[in-house]
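Me: I've got a model here and a few labels I'd like justified. Can we go through them?

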Amino acid sequence: MSAKRATEADGGGTATDTYDVIVLGGGPTGENVADRVHAAGLSAVLVESELVGGECSYWACMPSKALLRPVTARSEARRVPGLDEAVGGPLNPPAVLAHRDVYASYWKDDGQVRWLDSVGVDLVRGHGRLAGPRRVTVDDGRTLTARHAVAVCTGSRPLLPGIPGLAEARPWVSRDATSAQSVPGRLVIVGGGVVGVEMATAWRALGSSVTLLVRGDGLLPRMEPFAGHLVAESLAEAGVFLRTGVEVREVRREAPGGPVTVVLDGGEEAEIIADELLIATGRAPRTDDLGLETVGLAPGSWLDVDDSCRVKAVGDGWLYGVGDVNHRALLTHQGKYQARIAGAAIAARARGVPLLETDRWGAHSATADTDAVPQVVFSDPEAAAVGMSAAEAERAGYRIRVVDQDLGAVAGASLYAEGYRGRARMVVDLSREVLLGATFVGPGVGELLHSATIAVAGEVPIERLWHAVPAYPTISEVWLRLLEAYRGD
């Protein structure tokens, strides 16, 4: 039993466990909240109905990147003299899928549970629901009570659009796409965001005939337009059939496991037949069965929080919404960042320590959620961005200057792979002469992103960045080229 946990009997004789903090959801966000508050001296319990480690560990980040790494490694090796012939053949799908299984821990959470034990956080298996202020009931009959805080860290789930016949056709969602045990002969993907692009990249390389259907006019709409254009060119070269500006009108599947027919709105080739259909069109919060109504909130809603991740509409400030559920930035690393912020805020409030609420970049404010969100799309080529795009900065009223650079012209890029294609952009706030955002597209650019994130989050002046000397010959020398273009050198 944890040092600050107590067990007592309520009026009806039911066992009630009391902790300082209750965490609903055992993904990376929930694990980090529990770890942070426990490290600060508070008792914590984590309630999880599935696998400890959550979506990222078993169905998203880890398995998807395990599928994609062989794809990008082969692609890059084919453009290195002396290696091109050695890696000219196709991928070995059984080996790639087995590699994926290792990184998904074979969908077992023993290691994560051992980690919880090692840090002193209790685990309750089951579905937890709020039952009024600071109380959580678990479907095994237990009731948990929190002295200080309840943190909702239940994440998000795929959102299926209301297309006739779609639900009955039992389409793939992201979980199915990352955990499939065989390669579908024909795969239709609906959605041009991160999941759609990454899964088109992986399954095409593994041998599927992939058709990517996009409602808009391009891919990766939340990034600079050139990112989507370069990725689309590469997908097309790999043999992906990309169709933009199309709507799915109906889906039909006559028998479970049989072919699926995707009916489009008008035009040529209005019907596509595939073996599997992946829907990658959006996310919804996992808050529909959490008892939100018992504390005055609407079931199934996103949780509106302040910068310390405390839910605004709940009195006394005991309820926190951390990670995807607050809709600030639906990324694992941002959820873990928020967990660090929320954990510090919960501990400070429990001790009666004043929060650094006036410090925009202080220990209790998740400012990066709005000003410095980094993201990498692990396609071929990779696309990486942090902060604002040029269009977002203009809409926000900034006076900006955009500087672009051909990544392929940098010496380190030409050494990395022959015929290297890529592009870099920085968006500069002319009033303060600091970076508002940066975007890179090209092989291996994900590893460039943290330097840009530091520049954006640190609000490093351009004149100081001039003294950050990039090593030669690396792809990072693009920073020097961007700064030279900005200065007019």
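What follows is a short back-and-forth on why certain labels apply in this predicted model.

Me: Why is T261 called buried?
Reply: Its relative accessible area is 13%, and buried means under 20%, so the label fits T261. T261 sits in strand β13 (residues 260–264). Leaving aside residues up to four places away in sequence, T261 touches E250, V251, R252, E271, I272 and I273.

Me: What makes Y416 and Y420 an edge-to-face pair?
Reply: There are four aromatic pairs in the structure. In the one formed by Y416 and Y420, the centres are 6.2 Å apart and the planes make 85 degrees. Centres within 6.5 Å make a pair, and planes over 60 degrees apart make it edge-to-face, so both conditions are met.

Me: And which of buried, partly exposed or exposed applies to Y416?
Reply: Partly exposed: Y416 has 32% relative accessibility, which falls between the 20% and 50% limits. Y420, at 7%, is buried.

Me: What makes F440 and W479 edge-to-face?
Reply: Their centres are 5.9 Å apart with planes at 70 degrees, so edge-to-face it is. F440 belongs to strand β22 (residues 434–442) and W479 to helix α16 (residues 478–487), so the pair ties together parts 39 residues apart in sequence. F440 is buried at 0%, and W479 is buried at 11%.

Me: How do you know that R175 sits over the ring of W59?
Reply: The charged end of R175 is 3.6 Å from the ring centre, and the distance limit is 6 Å. R487 lies over the face of W466 too, 3.7 Å from the ring centre.

Technical notes:
Residues numbered from 1 in each chain as written. Predicted model: local features only at pLDDT ≥ 70, side-chain atom pairs only at ≥ 80, totals over all residues. Heavy atoms only, no water. Helix = DSSP H or I, 4+ residues; strand = E, 2+ residues; numbered from the N terminus. Buried < 20%, exposed > 50% of the residue type's maximum accessible area, 1.4 Å probe, protein only. Contact = heavy atoms within 4.5 Å. Phe/Tyr/Trp six-rings, centres within 6.5 Å; stacked < 30°, edge-to-face > 60°. Lys NZ or Arg CZ within 6 Å of the ring centre and 35° of its normal.
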